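Got the model open in your viewer? Let's take a walk through it, one selection at a time.

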Amino acid sequence: MDRSLQKLKPEFRILVERFVEKCRMENIEVLIYNTYRSKEEQYALYLQGRAPLEVVNQARRKAGLRPIKEIENKVVTMLKDSPHCHGLAADFVPLTDGKAVWNDYQLWNKCGKIAQSLGIEWGGSWKDFPDYPHLQMRNWKRYVK
């Protein structure tokens, strides 16, 4: 998994850069911690919560990811083909005093509204499987060649 904005498609990278800057203008620091994912990495994540731990960890090793423990073997993605695999998604976390803040939903919602104001689809707004850290290009499949 990569965190480089350079791995994003240019049209989405511009939006993510604007998101980071607009958050900063609102005194919110954010860390982009995942952008591009290989198909192997995505498949290993897709297996989580759907396959036995041994199978999941075998796929994770093949993809260059660290093994996980049984307690971590939970569904983390609904897609085998993610916009991450096409440079059209990014995962972020807000920071307070340089530390990741995972449980402040008021802060997540502020960030989500900023993303949406820029035309970015925010995973925190999804009803069936909210994914607060996730940003993706709206209608991302149109950009896949």
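Start by selecting W102: at a relative accessible area of 41%, this residue is partly exposed. Keep in mind that you're looking at a predicted model. W102 sits in the loop between β3 (99–100) and α4 (105–117).

Now add Y33, in strand β1 (residues 29–34). Its relative accessible area is 29%, so Y33 counts as partly exposed too. Turn the view until you can see both rings. How far apart are the ring centres of Y33 and W102, and at what angle are their planes? The centres are 5.8 Å apart and the planes are at 75 degrees, so this is an edge-to-face pair. Along the chain, Y33 and W102 are 69 residues apart, so to speak a link between distant parts.

Next stop: select Y105 and Y132. Here the ring centres lie 5.0 Å apart with the planes at 65 degrees, which makes this pair edge-to-face. Colour by secondary structure and you'll find Y105 in helix α4, while Y132 is in the loop between β4 (120–122) and β5 (134–137). The pair ties together parts that are 27 residues apart in sequence. Buried or exposed, or something in between: what are Y105 and Y132? Y105 is partly exposed at 41% relative accessibility, and Y132 is partly exposed with a relative accessible area of 25%.

Time to zoom out a little. Show F19, Y33, F92, W102, Y105, W108, W122 and Y132 together: ring pairs link these residues into a cluster. Across the whole structure, a search turns up seven aromatic pairs.

For a ring with a different kind of partner, go to Y46 and show R50 as sticks. R50 lies over the face of the Y46 ring, 3.9 Å from the ring centre.

Then switch to a surface view and pick out V75, M78 and L79. Together they make a nonpolar surface patch of about 240 Å². Within that trio, V75 belongs to the loop between α3 (53–62) and β2 (89–96), and its relative accessibility of 33% puts V75 in the partly exposed class.

Last selection: residues 81–137. UniProt lists this stretch as "domain: Peptidase M15C", in an unreviewed entry. Colour it on its own and you'll see a chain that is 23% helix and 30% strand over these residues. Finish by picking the C-alpha atoms at the two ends of 81–137, which are 14 Å apart.

Note on methods: Residues are numbered from 1 along each chain as its sequence is written. This is a predicted model: local features need pLDDT of at least 70, side-chain atom pairs count only at pLDDT 80 or more; totals for chains, interfaces and linings use all residues. Side-chain values use heavy atoms; hydrogens and water are left out. Patches are made of residues with over 30% relative accessible area and no salt bridge: like charges are joined within 9 Å, nonpolar side chains (Val, Leu, Ile, Met, Phe, Trp, Tyr) within 5 Å. Accessible areas come from the Shrake-Rupley method with a 1.4 Å probe; for residues, only the protein chains shown count as cover. A salt bridge is a side-chain nitrogen of Lys or Arg within 4 Å of a carboxyl oxygen of Asp or Glu. Helices (H or I, at least four residues) and strands (E, at least two) are DSSP runs, numbered from the N terminus. Buried means under 20% relative accessible area, exposed over 50%, partly exposed in between (1.4 Å probe, protein chains only). Rings of Phe, Tyr and Trp (its six-membered ring) pair if their centres lie within 6.5 Å; planes under 30 degrees apart count as stacked, over 60 as edge-to-face and the rest as tilted. A charge sits over a ring if NZ of Lys or CZ of Arg is within 6 Å of the ring centre and within 35 degrees of the ring normal. UniProt positions are given in the numbering used here, feature names are shortened, and annotations may be inferred rather than shown by experiment.
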